[in-house]
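Let's take a walk through this fold together. Have a look at the picture first, and then we'll go from the sheet to the helices and the cores.

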Amino acid sequence: MQITHFHPERVRPLSVLVVDDSDDIRARLIRMIQHVEGISLIAQASDASEALRHFDDLHPHAVFLDIHLPDQNGMELLKRIKTWAPSTLVIMLTNHPYMEYRIYCQRHGADFFFNKFTEFDQAIE
């Protein structure tokens with residue numbers, strides 16, 4: 001058995017994509033994420049089209065994804081992300097925490113589902 005050595009310089013920095021149509025929500029999430037050790041690359045998008053471009057370029061480890069976006073439903077974007085990259089961690093955020101949304105997102109691979117009003121800070125923990 002051959003033992004391989006760990007080469008930290010070959011490890012890709014953790015990358016995060018924040019997708020929300022609210023400038024304030026994106027800014028707040030980014031401020032919170034910047035304080036998490038090990039994350040060195042953060043991209044942001046205000047709609048699904050921009051998110052897909054960043055996703056294609058960045059191949060992020062994690063995506064914070066709003067359910068309601070101006071050009072596409074975030075739940076449909078979740079399905080696309082999980083189809084292309086099933087190991088990507090997807091954290092759904094919503095102002096509409098309906099049980100049917102939660103179930104839909106869970107069935108389509110969302111790793112977490114948070115209510116922006118009551119659970120926002122938990123999304124980073």
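Two strands count as paired if DSSP finds at least two bridges between them. Strands themselves are DSSP runs of E with at least two residues, while helices are runs of H or I with at least four, and both are numbered from the N terminus. Keep in mind that this is a predicted model, where local features need pLDDT of at least 70 and side-chain atom pairs count only at pLDDT 80 or more, while totals for chains, interfaces and linings use all residues. Residues are numbered from 1 along each chain as its sequence is written, and side-chain values use heavy atoms, leaving out hydrogens and water.

Let's start with the sheet. It is open, has five strands in the order 2-1-3-4-5, and its pairing is parallel. Strand 2 (39-45) and strand 5 (112-115) stand at the edges with a single partner strand each, so one side of each has no neighbour in the sheet. On average, neighbouring strands are turned by 20 degrees against each other, direction ignored; the axes behind such angles are lines fitted to C-alpha atoms, for helices over the stretch in contact, and angles run from 0 to 180 degrees between N-to-C directions.

Now for the pairs. Strand 1 and strand 2 run parallel and are joined by six bridges, with V19 opposite A45 in strand 2. Helix 1 (residues 23-33) packs on the sheet and touches strand 1, strand 2, strand 3 and strand 4, and its direction makes about 175 degrees with that of strand 2. Contact here means heavy atoms within 4.5 Å.

On to strand 3. It pairs in the parallel sense with strand 1 (residues 14-19) over four bridges, and also with strand 4 (residues 89-94) over five bridges. A62 shows both links: its bridge partner is V16 on one hand and L89 in strand 4 on the other. From strand 3 the chain crosses through helix 3 (residues 74-84) to strand 4, in a right-handed β-α-β crossover. Right-handed means that, with the strands pointing away from the viewer, the path from the first strand over the helix to the second runs clockwise.

How well covered is strand 3? Five of its five residues are buried, where buried means under 20% relative accessible area, exposed over 50% and partly exposed in between (1.4 Å probe, protein chains only). A62, F64 and D66 lie on one side, and V63 and L65 on the other. That fits a general pattern: in a regular strand the side chains alternate between the two faces of the sheet.

D66 deserves a closer look. Its relative accessibility is 4%, so D66 counts as buried. The side chain of D66 makes a polar contact with the side chain of K116 (3.3 Å); such a contact is a pair of N or O atoms within 3.5 Å, and within protein one must be able to donate a hydrogen and the other to accept it, with residues adjacent in sequence counting only if both atoms are side-chain atoms.

Finally, the cores. A nonpolar core is a set of buried Ala, Val, Leu, Ile, Met, Phe, Trp, Tyr and Cys residues joined through side-chain atoms within 4.5 Å. The largest has 24 residues, and V19, L65, L77, M92 and C105 have the most contacts inside it. Helix 2 gives the largest share of this core, five residues. Apart from it lies another core of twelve residues, among them V18, I25, L93 and F114.
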